[in-house]
Each structure stands twice: as C-alpha cells, then as structure tokens.
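Biologist: Got a minute to go through this one with me? Pull it up and I'll fire off questions as they come.
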There are 2 protein chains.
Amino acid sequence: MSAVTRRLSPVPFTAVSITDSFWAPRLATNRDVTLPAEYAQLQQTGRIDAFDLSWKPGMEPVPHYFWDSDVAKWIEAASYSLATHPDPELDTLLDEVIAKIAGAQQPDGYLNVYFTVVAPEQRWANLHVHHELYCAGHLMEAAVAHHQATGKRTLLDVMTRYADYIDSVFGEGPGHRSGTCGHEEIELALVKLYHATSEERYLRLSEFFLNQRGQKPSVFAHEFAPGESFDTSYCQDHLPVREQSEVTGHAVRAMYLYSGMADVAGETGDEGLLRACQRLWDHLTLKNMYLTGGIGSTRHNEGFTRDYDLPNDTAYCETCAAIGLVFWAHRMLQLTADSRYADVMERALYNGTISGVSLDGKRFFYENPLESAGHHHRQDWFGCACCPPNIARLLASLGGYVYSLGDDGVFVHLYVQGEGRLRVAGQDATLRQQTDYPWDGAVRLTLGLAEPATFALNLRLPDWCAGATLTVDGEPVDIAANSRQGYLHLDRTWTGDEVIELTLPMPVQRVYAHPAVRADAGLVALQRGPVVYCLEAADNPWPLHRVVLPRDATCSVRYAPDLLGGVTVIEAEGLVEVPGDWEGKLYSATPDTLQPARLTAIPYCTWDNREPGAMRVWLRET
Amino acid sequence: MSAVTRRLSPVPFTAVSITDSFWAPRLATNRDVTLPAEYAQLQQTGRIDAFDLSWKPGMEPVPHYFWDSDVAKWIEAASYSLATHPDPELDTLLDEVIAKIAGAQQPDGYLNVYFTVVAPEQRWANLHVHHELYCAGHLMEAAVAHHQATGKRTLLDVMTRYADYIDSVFGEGPGHRSGTCGHEEIELALVKLYHATSEERYLRLSEFFLNQRGQKPSVFAHEFAPGESFDTSYCQDHLPVREQSEVTGHAVRAMYLYSGMADVAGETGDEGLLRACQRLWDHLTLKNMYLTGGIGSTRHNEGFTRDYDLPNDTAYCETCAAIGLVFWAHRMLQLTADSRYADVMERALYNGTISGVSLDGKRFFYENPLESAGHHHRQDWFGCACCPPNIARLLASLGGYVYSLGDDGVFVHLYVQGEGRLRVAGQDATLRQQTDYPWDGAVRLTLGLAEPATFALNLRLPDWCAGATLTVDGEPVDIAANSRQGYLHLDRTWTGDEVIELTLPMPVQRVYAHPAVRADAGLVALQRGPVVYCLEAADNPWPLHRVVLPRDATCSVRYAPDLLGGVTVIEAEGLVEVPGDWEGKLYSATPDTLQPARLTAIPYCTWDNREPGAMRVWLRET
C-alpha cells in the first residue's frame, strides 16, 4: 500500500468572493452584527480583561479554564473578516486584544489565564478535564489567522513561544512528559502553526499528541483517584488512533481529533491515520449522523450513543459539532478528492451549522434538535460560549470551502454565486459562478483566462441530485462517462469564452431514514437540493405531532422573497388530526379524524427566527 | 358543604377466596416462591442480621438507611400469607425476625438500624433524605399485619412503643419539634396503627405529619446548606396538602402521601383533604398516567414531569408507584363508592403492577416501560429493593380489593372467580363468582344466605366495557336505569337462590391516547377487557418499530393454554416494513415496502418471561 498523498489544496477564502442571496447576507451579518456582538459579550463577561491577570481570590467572575478559547476563536473570526474586508477599527481592536494576551504570557512562554491567576499550582495537572492544550490550540489558530490577515507577527510570535514551551514539556525525549489534551484541538492547530512557520517540530508535536491517545494504561489514568472510574471513550482515548473504527464520546472532541488525524496523514503520508479516518467516517455518516449534518445524540455526553440512535427532540447536535464535521469533511476532501466528503460538508453547511445562528446574527443555538415542542430558542450567549465564535469563524472563512486545486485541475465543491481567483496552468485565472443555488439548480460557470489553457474542471455531482445535465456552449456532455469520484471531469483546452451550464434538478424529495433508526420509523422528511426543511408553528398552527403528510401528497415550491430573508418554501397538501371529545379522558377507543391542512415547510436552518413555537423535521406519513 | 363520610369498608382479604386461573396461580407462586426467595435475598444481603446491631465501622456491607423497610414489607407480606395459609415454619421464622427487630429497639423506643449503629449522631438530622419515618411506617404496617394474622403482639408492642416515642418527639405541643418525612409512608401507617390500637394520638400524629408539608419556609429548609437549592415539589412539599392540585415529584412518595390524605379524610371528615385528593386524582389520571396504570415518566426524579409527557421507552413506571396507585385508588373508592377509582385500580392491577414480577415469581422489574428495544429485563433483586416485597404484599392481600360493604349494600369492584364471606342484613353470607375473567366477560354470581335478606348488590360496570348486560334468573335488568356512580345497583330481597349473570362484552379494543400525548401520536394500543396487550419479539420476529397495524386490520383472540401460564392472545393481520437496499445509506428517497405480517399480542403483564427481546405496547397505525 502506498503512502497517502493529499490530492487537493483549498483555494483560500481570500481568493473567493460570494455574491449570492443565500450566503452573502449571512456573511455581511456575521461581519457587521455577530462579530461586534460577540466582542461585546466577551468584554462584558470579563473574558477580555481576564488577560490582564488582575483577578484575585474572592473576585467575581472567576475566569474559567476555557475562557481563553472563546477569545481566541473570536480573534480568528475577526482576522478572517479583516482579510476580506479591511476595517481599521477592527484592526486596532485586534491589536489591543492581542497586546493583552501577549502581556499574559509568562516568562517561560506559558499562556493561560486560569492556570496563571486562579489555580497556578494545577498547571498540566489534569489534562483530561482542564482544556489547557485546547485553549493553546485555539490561540494558535487565531495567531495564524491574524498573521495571514494582517502580516503582523504579534500573536504569532507569542504562540510560537508558547508552542516551543509546550514542546519543551511534552514529548518522547528525555526530560519530556507524556500526556495529551482531553479536548482535542491542539493537534490540528499545531499543523496550522507548522504551515505558517515551516517549523517541523510543531508537526511532530501534533503527531505526538495524537499518538498519546489510547495507551494502556491511559495517559489520563494518573489524574483520577484510585478506583475512580472514567470512560476513556468520552475523549476518544479508548484505542490508539490508528485502531479506531467507531466514533465515540463527545462529538466536538471527536471531530477535532479526526481533523487533526487527517491533517497529519496529509503531511506525513501516514496511511494508518487515513484508513482510520475512513472507517470512522463511514461509522459516523452511515450510523450516527442526523439528516441535518448534526451529530451527537444526547446531552448526557454531548456526543454519540449507540448506532442508529438518533432521537429528534432530545438530539444534542451541538453547533460546534456540525462545524467540526465541516472541518473534518473538508480535510478528507482534500486528501481524497472524493465527493462523498463534499456531500456531507454541504449537508452540514446548509443545515446543521447555520441553524446555530439567527438570521439577525445576534442569537445562537448550542443544541440543534430536529424537533421541538416550542421551548427551544436561541440565546444571546452561553456560559460555555464555544458555539458563537465558532460559527463566526466558519462563516468568515466560508469561501475557502468552495474550490480546490490539484494535479487533476480545478475542483468546484460548492455551488455559490461569486468568483474564485485561481492559478491554473501557469496563469492567474478566475472561475465565476452565476446561480440562485440553493433555491435553483441551474449553475452557469465561466472562466476568465489571459490565454487558452489546458486543465481539467471538476464539478461536483451532489449526492442528492439525480439527473444532472451539463452543456458546454450548448453541447451536452455525457455525465456518466466523465464522472470521477462524484465529480464531472472536464479535461480540455479552455479559451475562457466557454459557457458551462450545469443543471441540477431540484424536485422536492421525500427522505426516509435507515430501518434501524427507531426515532424516524413511519416518518418522512422533506429536502430540496441540499436544504432540509421543517414545519414551524409560525406557519402551521397545529400541534406538529398531529400533522400527517400522505405519501401521495402534492408538494409545490414557492420562493417567498419577504420571508426569513428570502427563502423557497415547500407547500404540501397534508392532513391534521382534529381532536374529538376528549373531556374527561386520557385514553379512548375513538380515534380522531383527519382533515386537510395546507402545510408550509421552511428551511430548517431558518427556524426560530419568528415568534417562538414548535418545530419538526420528521413528519408522520401515511 | 358536609364533612366527608367514608361510604364503604373493604371486605378483608382473609374473607375472600380466589380460585381463578389468572390470579390464583400468581398468588400461589407469591406464597411458595416469591416470599422464600425474598427472604433469602434479605438474609444474604445482610438486611435481617443488621437488626443484631453488630455492625462496626469498616465492616461490609454497610447497612443502608432504608434497609429496615425492605424487611418490614416482607414481614407484612408474609403475615398476609400466614393469615390465609397457615404455615408453622413461616410463623416461626416471623417470630425469629421479629425478635431480632425487637432486640434492636433502643431504650427510648427508637428503632432504626442505620441510625443506631452507622450514624447515631444523625438521628432525625435529615428528614428530607434519610427515610427514618418511612422505615418506621413500614414497620408499623408490618406490625399491624402480623398482629391481625397471628394475634401476637410481639411486633405491635414494639411499634406502639416506637410510635409513642415518635409522638414524644414530633408535634405541635411544647417540647416537640416540627418535621415530616421526605418519603411519605408514616402517615398511612399511623392510621393503620390507630385502627389496630384505637389510640387516637396516632391519628393526630398522622394528621400532624400531613400538615407539616408545604410550609413556608419548608420544614426541610434547615437541612440544606445556605444557598443550596432543593426542589420542594420532589417530595410534595411545595404547597400545603389541602392546596395541592397537581401531582408532582417522586411518584411513589406522591401515592403514599395521597393515600395517607385519603385515610385521614376518612377518619376526620376533613373535606379539604378529600377535595385535594379528587383534584390530584384528576390531574394524575387525565394527564399523567400510562395506559398500564404505570406512573412516573422519567428516571430523573422517579416521577412526574409535564402534563401529557408519557414517553414509552424511557417511562419509569416503578412497580412501587403502580402499587401505590392501587393503594390510593382503593382508599378513594371506599370514601366515595365511585367506580372511577375501581377502574384505575383494575387497570393498574392487571397491567402495571403485576408486570413487576415474573410468572415464576423470582425476578422483578423496578421500571415498567411500555416499550423496550430488548435490553430491559427483570432482576433477582435490587440494591434499592423496595419493589419485590411491595408486589409480594399486594398479591398476598389481593382479595381485599374485590368487595366492599356499606350502607348501600355489597359492592363488587373486581370480577374474580372465588368467594367472599360477608355480613349483610344481620347475617353471615357468601357471594360467589364463577367466571373466566379477565379472558371472558361472563360472570355468574350467586349468594349464600341462611334466610332471605333485603340489601343492595352493586356490581361495577367497568369503564372499558360498552354494552354490559345482566339477568337475574334469566330476567334482563335495565342497566342504565339502575346505574349509580358506575355500579349496577340491585336493591331487592334476595333469597340466595337467584342466578345473577353479568355479561361484559370483551371485543379487542383499539385504544388511542389524548391528542396532547406526543409520544403516542399516530400509534394505537390493543386492550381487551382490563388487559393491555403488547407485541414481544418472541412472537413477532421483526423490529417492532417497523410493524404497522392498519386501522381496519382483523384482530382475533385465541386462548393459548400452554403459553405464559395460559393467556388469551390477540392475533392481527398487520404489516411490516421490509428493508430495501440500504447498503451505504443512512437516508434514502426510496421508502421501504410493507408486507403482510401475522402479529401476536400478549398481555403486557406477561412480557419478558421468555427469551429476552424487544417489546412494544403502542403500535404504528395506518
């Protein structure tokens, strides 16, 4: 078996413009509303000033050991924003925050507010719980983002010093200790830092942290009292990473781990890591993923339970977990150029990630269930505030998920109106998409070339689409004959004058879950293109568990420009059970009767943006 | 408004024989297998010898503060058995156990193993948690039962001494303290002790303990650390008992409280207590009770959640809670002579209580969910072993639930083949039932009278039955014209030669849940007579969530003499979804197809007596 070679490299978000009606307004809101609102929350809750190290015992609030990561993810998001939308005020604000962080760094390079002012004696004492290396990882990602956006080394230098210190503490060599973080993150962050600095020690340290998992006894064992039980699978410590085949435990941790494994596999050619990632991917996406791309079936462990256990109303589906799935999918896609990864990435992007933020950009879901009796609503902030800055950094860098380049040419993973600036066949080129995707499946692609060039254009054929067609200057292309791993492969000499028209038919699809998914037995969901739909009380004034969608019900679509920022809704001739006489009865031999009900389904990602009410993705079918 | 007068008094179980094919074998097994098996468990786990007070720090096992109650309930059950089935060995064994208990009584009358040898300094220190008065209550019930069965005062004297001591500690008077038990039980026990001894102080003390609930601040408040939050509704301490209208908290505690309230209302004529009981009854039975008579929707608080929240697979439905519901229903029935209470009592007796013990009498359910994926099975015993001796005492005294006497004559609440010995119109009489109930609804009743007597015979008209008919010596009786609160009232001069034939038609009934019960939306259950049915994997080799029972499916019944001790099964022409090609898919646009499947439903109470497998009461309907 040959070593792994990464097939693709993403076209960076800085080279991709997005001008559509779906994402562009969300990206503008992210920039104009979410980033300032999150900064205000960080400041009001003391997270920013905590870096002044002025906390003393007895003061409230007490900094939490994961606070640093909230600030870090905001810096990362703000830096991405700065990279595409220069903003001197934001630039200055970032400088100020970074100066505070730099000031909190200890003489030895260590940097963590909690373990400097609150519990200094506990430095590295409980890696299983304390998120120390996790916080370091997020600060490293922030440092790389800030450096790339601004060219400044202010945070990057701080974080390489910290990384060097961590590298002096942990590792195989003499005088180094074992251990890894209970919450993965530093693994993928060190690979980013390696890319930014070309310092190979960071890559080796990442690999070391990966390899620490699954030891017998666990590297965390000494952190527990004798006889105290702990579930090693909660933080994916049950097996060495290359032997893992089933997703376990906390879903966000799992996604960050697998992302780190994919990163290291891509750098080192470690086939064992890639194979493990592929097994884990199958286990996740074939047995443990919601239709929305949400993952994590229970609040109990914020993660995975049993195969096919996908309850809808108690689904955890943390926003961060769906984002983590996008990260991992994107990495697997670069490694393999296989569209199956892009399919899941798209599913999560259009559904389970962006449901995490309101359309006005100010309120956030931590949990994204697929059914609600009406009591689940977004909040301004959370005590554990991982999700808000996570969705902000995803959106601020969304363009990076659209295109890749490789030996096989240009890859289009996502259909989004806008333009990518690419280097192909030795020249700077552009690739422009014109489309109303995801509301319409017609995509017109045009190239901008200085001179004719020979290269392949690879257009993703989404898994949800049957019957895609394509023409180049009106000439049909045989799709089946030109498909490679889910991409339509168009290898020719392009002049730049061609008009490439891809048509992805988007009928309303009735979706069914695998027979083993007990929670979805007898139920159907509606999907159109990549968008998963739901019924919300605002449009459907009946108890949603009393609504039935007959299998032969007519479904039609309508673009509603004034609804929820402009969405295509699905309208269906459904039925609703009308209560009979239930006075004095809890059980009865008389069934209620069904009456026609005109149902309106909205994109799942847009629910809970109007008056609070119930919501349901999976509907009863007859 | 007039004060409460208790309308009926039960005919004691000692005057009722049961000779049917449903209960009689269970009662024999309870006597021959369950009682010895439970004694063995009590002994093996150290609960009996704990009364020797020989425990010293460092010894294992450490007695638990509710151990005394497990032994007490077994004594109560064994005494009931002795009362109807003399057994010198059991009599001697009871004497031995009681001697140990008597030896554990302290000079001041106090009696509790844990707070004598393990934590003597905590006597009465944490009434909210410690179950001290609860244990006392169960020992009082045991003492009364033993005295009534044997005429011996050995345990009764011990417990009156203890009761007198408790009465010297708690109460309104000078030198007495406030407080009541976090787990109700002593309230109803003190009323039993009052009946056995005619000592009115015990009734007043019961009333005192009732009245302690719902104070502001709570009588438990001082047991919590400053700032520590506790949910007063967990132990029904959120409101004064006469102001309560909604069932809350731990279901067993609630049932024992309401039973005590009904007891005191019956003794003192306290209308406020009765009205509260009636409101609580409606709230329980119209919004918070499973079809099986099981109660308690979640493991979290072992109790009630929100109205109509009745999930099937995560139902708690503790065996003790259904038993407690029988206790409360029986008391409400005596107070009111209203059959609604007997209807629920019957529902719980035939379904949610006796599901708690295996047909062989050796294994027990603590939780009785209405759906299982196959992982829920009875156990030999539990660390918290309240349920096994509770079901034993219920079964050993089952005859006491069949008949009552009152100013309005004889009441037949349950149809069970056998005989009741009654005192009516100044003479000793018998009332004999011949029936195959619950498998058949024909009941032949005959009276044994020394001479003609004028009195009313009141026959319950079950809520599940439409179209009951009755003849006396072949002459039809107009049921509608002679109904009183759900009883057919036959007031005449009886010679004893009459043949009274009641016919209760028992078609298979399809049952639906109230529209607000989300968990049962689109589902149907099968019931026949008082018996709730379920599908079990042993008879139905398909994933039960894939089974569909069309609304027009033919259902037939068949008595299966060799199955599960002899049960009537329901056979139905159902459907099952046959999986299509799901290779590599978790979601698909292709629905599975339905194929005919011959379904066999068994009585819910008999499930998990064969090979372990899935079970489901509520079935998908089309």
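Biologist: In what sense do β21(A) and β15(B) pair, and over how many bridges?

Modeller: Antiparallel, over two bridges. Keep in mind that this is a predicted model.

Biologist: Okay, and which residue is the bridge partner of Tyr587(A) in β15(B)?

Modeller: That's Ala513(B).

Biologist: How many residues does the contact take from each chain?

Modeller: 32 from chain A and 32 from chain B. On the chain B side, the elements giving two or more residues are α10 (271–287), β15 (508–513) and β21 (587–588). β15(B) gives the most, with five residues.

Biologist: And how do the residues on that side of chain B divide by type?

Modeller: There are 16 nonpolar ones, plus eight polar and eight charged.

Biologist: Why do you say the copies meet through the same surface?

Modeller: Because 100% of chain B's interface residues are interface residues in chain A too.

Biologist: What turn and shift lay chain B on chain A?

Modeller: A turn of 180 degrees with a shift of 0.1 Å along the axis, giving an RMSD of 0.1 Å. So the two copies are related as by a two-fold rotation axis.

Biologist: Which residue of chain B comes closest to the rotation axis?

Modeller: Thr622(B), with its C-alpha at 3.1 Å.

Biologist: Switching topic: where is Gly580(A) found?

Modeller: In the chain A loop between β20 (567–578) and β21 (587–588). Setting aside neighbours within four places in sequence, Gly580(A) is in contact with Thr590(A) and Asp592(A).

Biologist: Why does Gly580(A) count as partly exposed?

Modeller: Because 14 other C-beta atoms lie within 10 Å, and partly exposed falls between the cut-offs of 12 or fewer for exposed and 20 or more for buried.

Key: Residues numbered from 1 in each chain as written. Chains lettered and ligands numbered in written order. Predicted model: local features only at pLDDT ≥ 70, side-chain atom pairs only at ≥ 80, totals over all residues. Helix = DSSP H or I, 4+ residues; strand = E, 2+ residues; numbered from the N terminus. Contact = placed C-beta atoms within 7 Å. Least-squares fit on C-alpha atoms with pLDDT ≥ 70 in both. Nonpolar A, V, L, I, M, F, W, Y, C, P; charged D, E, K, R; others polar. Pairing = 2+ DSSP bridges.
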